[in-house]
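Here are two short exercises to work through with the model open beside you. Take each step in turn and check it by eye.

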Amino acid sequence: MKNYDWVLDFTASPAFQNNYIKQGLEINNKVAKGFLTDEGYIGGLLIEGEERNPRVDDLHILMQAQYLEKDYISNWLKREHRRNKKESVLVNVGVGCNSETTVVSDDLISLHSASFVRGIKGASNKEGQICLTKINRKEFEVTSEKLTISPLTILHDINSGQWEIRMKNGIEKLLKSEMGKAMPNETGGVFIGLVNYKTKTIHVTDVVLAPPDSEASEGCFIRGIDGLREQVEEHKKKSGQTFGYIGEWHSHPHGPMGASLKDVQTMSKFKSDYVRNNYSIPVFMIIVTPAGLISYVY
């Protein structure tokens, strides 16, 4: 790959994407992915940042995570959720095993492909970029926007080393700020995001802070439940069930600089509950300490 400046992915294959996002590419390679969705009325171009941070999968997820700010993203994800529950005669086999595409007219493809070319030509050498093009379903109206995405916080779980945690920029700062506000007591909450078992990646896109009925002291934090279900359900509803609860966090402002015996016991109980209830996500916890964030995945 050293002879090429760009790696361009225009396939409709999640399997293909999962394969190459973990591959070691040359330092000069710039990676971009273009795709059409929402029956061709939304087109996206994802351009990785320097040293592949943010990566293509980060950008795709952070694009979807705009559901809180952008109604058209929320409405698209809701339509996708409804569509995935139904069988469609317009579904064809795409490139790669189990990938799916929908029939799209040539005029929509041409509009998006022209936008992709302009986006690639104007790409930054360092920052990650999301270029979105939206076509009005009723009238001829085309709108586009470009989002610049800062590098993510990247962690690895310390117990197995198999999982990678990729956290939206700003969340680490927020967690440390909450630890400082709560001192000398501990604090905590839950994470919103999604999990990719194929790439062993946990994507953290949002945080829910400590519910008001939580109990905290200098050496203990017991997360409450007041209003928590409603907040998580709001994320699930607005994202078409794409995003939801993925794990827990709490602070250790005075140590230990890692999980305590009580934390390990709590994670073991969570694991037993997950297995018994057939939950499809791993047990995920982050400890926020003065020395940094420490992650555990079971």
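**Exercise 1.** Work out how strand S2 and strand S3 pair, and place them in their sheet.

*Solution.* Step 1: S2 (residues 30-37) and S3 (residues 42-47) run antiparallel, joined by six bridges; strands are DSSP runs of E with at least two residues, numbered from the N terminus, and two strands pair if DSSP finds at least two bridges between them. The model is predicted, local features need pLDDT of at least 70, side-chain atom pairs count only at pLDDT 80 or more, and totals for chains, interfaces and linings use all residues. Residues are numbered from 1 along each chain as its sequence is written, and side-chain values use heavy atoms, with hydrogens and water left out.

Step 2: within this pair, Leu 36 faces Gly 43 of S3.

Step 3: the open sheet has five strands in the order S1-S2-S3-S6-S7, and its pairing is mixed. S1 (6-9) and S7 (142-149) are the edge strands with a single partner each, so one side of each has no neighbour in the sheet.

**Exercise 2.** Which strands does helix H2 lie across, and which does helix H4 touch?

*Solution.* Step 1: H2 (residues 56-64) lies across S2, S3, S6 (128-135) and S7, at about 45° to S6. Helices are DSSP runs of H or I with at least four residues; axes are lines fitted to C-alpha atoms, for helices over the stretch in contact, and angles run from 0 to 180 degrees between N-to-C directions.

Step 2: H4 (residues 106-121) packs on the sheet and touches S1, S2, S3, S6 and S7, where contact means heavy atoms within 4.5 Å. The direction of H4 makes about 20° with that of S3.
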